[in-house]
Amino acid sequence: SHWSTMGPPVGMLRALYLLQSGNQTEALRWALDQEQLLLPSRAFAHEEARIVLARCLALQNRHSQALEVLDQIEEDAAAQQRTLTQVRALTARALVQSHQQDWPRACASLQRALELSGRAGYRRVFLDEGSALEPLFRRLTDLGVHGWWQQAQLTPASARADLSALIEPLTHRELEVLGMIASGHRNQNIA
C-alpha cells in the first residue's frame, strides 16, 4: 500500500490541529503556502484541506471567499451523498459565520450539521473543535434546540488536565518511520 494516498496530508492535519488548539498564526502560514493550489481545486482529494483553508480565510477576514469554498464542497458532497464531508463543511461554515458574528446563520449551519451527523453518529467532528463551538451550542440551547451536546464534556482547554507527562516522546526510529510515511515510501522500503 502507498500511505501518502490513503489519508489526508500531514500538513493539513497539523493546520487543523493548530486551529483547534488556538494557534492561528501557524495555521495561517500553512494556508498561505497552500492557497494557490487549493482555492481553484474542486478535487475530492483536496476537500478536507479546502475546509481547513476556508477556516483560515475567515481568520483573514476573507469571509465571502471562505463561504464560497464551503458552498462548493457542500454541493459536491451532497451530490455524492458524502455525509461526513457535509458535516465537516457545515461545521466550518458555522465557525466562519460565528467569526462574522452572524449568529442566526451560524446556528442554522451548526443545527444542519448536527441533524446530518445524528443519523450517522459523527459526534467526533464537534468534539474535536472543543471550546470553539461552545458559544454556538449555548445559542442553540437558548433557542430551544436540545441534543447530545448538552451532556457532552466540551471543557475549555484551560480546564483540561495536563496530559503531556503521560505522553512518551517518539523514539528516533519512530520519527524516522513517520518521516518516510509522510514522504510516500512504501511499506517494503520502510521495513
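Colleague: Helices are taken as DSSP runs of H or I with at least four residues, numbered from the N terminus. On that basis, how many helices and strands does the protein have?

Modeller: This is a predicted model, and its secondary structure comes to ten helices and zero strands.

Colleague: What percentage of the residues count as buried?

Modeller: Of the 191 residues, 37% count as buried. The protein exposes about 11400 Å², of which carbon and sulfur atoms supply 52%.

Colleague: Turning to α8, which of its residues are buried?

Modeller: In α8, residues 134-142, the buried residues are Glu134, Leu136, Phe137 and Leu140. They lie on the same side of α8, because they cover an arc of only 160° around the axis.

Colleague: What do the buried residues of α8 pack against?

Modeller: Their packing partners are α5 (83-99), α6 (103-120) and α7 (124-129).

Colleague: And what phi does Gly144 take, just after α8?

Modeller: Gly144 takes a positive phi of about 90°.

Colleague: Where is Gln81 found, and what is its phi?

Modeller: Gln81 is in the loop between α4 (63-79) and α5. Its phi is positive, about 55°, although Gln81 is not a glycine. Most residues other than glycine have a negative phi.

Colleague: Is Gln81 buried or exposed?

Modeller: Gln81 is exposed, at a relative accessible area of 69%; the cut-off for exposed is over 50%.

Colleague: What about Gln101?

Modeller: Gln101 is also not a glycine, and its phi is positive, near 60°. Gln101 sits in the loop between α5 and α6 and counts as exposed at 59% relative accessibility.

Colleague: On to pockets. How much space lies in the largest pocket, and which residues are closest to its centre?

Modeller: The largest pocket holds about 590 Å³ of space. It is lined by 25 residues, and those closest to its centre are Leu19, Gln20, Arg55, Glu129 and Ala132. The elements giving two or more residues to this lining are α1 (10-21), α3 (47-59), α5, α7 and α8. By class, the lining of the largest pocket has twelve nonpolar, eight polar and five charged residues.

Colleague: And how much space lies in the second largest pocket?

Modeller: The second largest pocket has about 340 Å³. Among the 17 residues lining it, Leu16, Gln20, Arg88, Asp128 and Glu129 are the closest to its centre. Two or more lining residues come from each of α1, α3, α5 and α7.

Colleague: Which element supplies the largest share of that lining?

Modeller: The largest share comes from α1, with five residues. The lining of the second largest pocket has nine nonpolar, two polar and six charged residues.

Technical notes
Residues numbered from 1 in each chain as written. Predicted model: local features only at pLDDT ≥ 70, side-chain atom pairs only at ≥ 80, totals over all residues. Heavy atoms only, no water. Buried < 20%, exposed > 50% of the residue type's maximum accessible area, 1.4 Å probe, protein only. Arc of directions from axis to C-beta. Contact = heavy atoms within 4.5 Å. Areas by Shrake-Rupley, 256 points an atom, 1.4 Å probe, with all protein chains shown as cover. 1 Å grid on protein atoms, 1.4 Å probe; cavity = no way out; pocket = protein on both sides within 12 Å on 5 of 7 lines; lining within 4 Å. Points joined across faces, edges and corners; volume = space filled by probe spheres on them. Nonpolar A, V, L, I, M, F, W, Y, C, P; charged D, E, K, R; others polar.
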